[in-house]
Amino acid sequence: MIPELRAFLDEKGRLTSLPSKYKKQLAAVWYLADRLEPGRDYTQDELGDALDAWHTFHDPAALRRYLTDLGLMTRERDGSRYRRADTLPSLAEFLGRNI
């Protein structure tokens with residue numbers, strides 16, 4: 001559990017909203033990436049379903065953009081496949097790179 005996200009998680013560990021503060025947004029996106037299977041190719045629909053399982057505000061498109069823009073996922077140019085980074089940086093390292 002990431003203490004900064006406690007207020008944004010429900011009893012099932014799903015994000016209920018995206019935090020407004022940038023540092024907490026980064027932590028939330030990292031949290032979601034950590035729940036995705038490394039080495040697996042996801043179609044856009046499969047990734048949307050996986051993300052929907054871990055958040056309740058139903059905005060998988062925005063979350064896909066965050067994940068790819070922040071380098072936690074790669075995406076085929078045509079958007080047909082997504083893949084989580086094989087090794088995620090630690091949360092501290094990820095925050096240090098992006099703040």
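Colleague: What's the strand order in the open sheet of three strands?

Modeller: The pairing in this open sheet is antiparallel; strands are DSSP runs of E with at least two residues, helices are H or I runs of at least four, both numbered from the N terminus, and two strands pair if DSSP finds at least two bridges between them. This is a predicted model, where local features need pLDDT of at least 70, side-chain atom pairs need 80 or more, and totals for chains, interfaces and linings use all residues. Residues are numbered from 1 along each chain as its sequence is written, and side-chain values use heavy atoms, leaving out hydrogens and water. The order is β1-β3-β2.

Colleague: Which residue in β3 is the bridge partner of Asp-41?

Modeller: β1 and β3 (residues 82-84) pair antiparallel over two bridges. The β3 partner of Asp-41 is Arg-83.

Colleague: Is Gln-25 buried or exposed?

Modeller: Gln-25 sits in helix α1 (residues 22-35). Its relative accessible area is 16%; under 20% counts as buried, over 50% as exposed and in between as partly exposed, using a 1.4 Å probe and protein chains only. So Gln-25 is buried.

Colleague: How far from Arg-64 is the nearest side chain of opposite charge?

Modeller: Arg-64 lies in helix α3 and is buried yet has no salt bridge, meaning a side-chain nitrogen of Lys or Arg within 4 Å of a carboxyl oxygen of Asp or Glu. Lys and Arg count as positive, Asp and Glu as negative, while His and chain ends aren't counted. That nearest side chain is Asp-45, and the distance is 6.8 Å.
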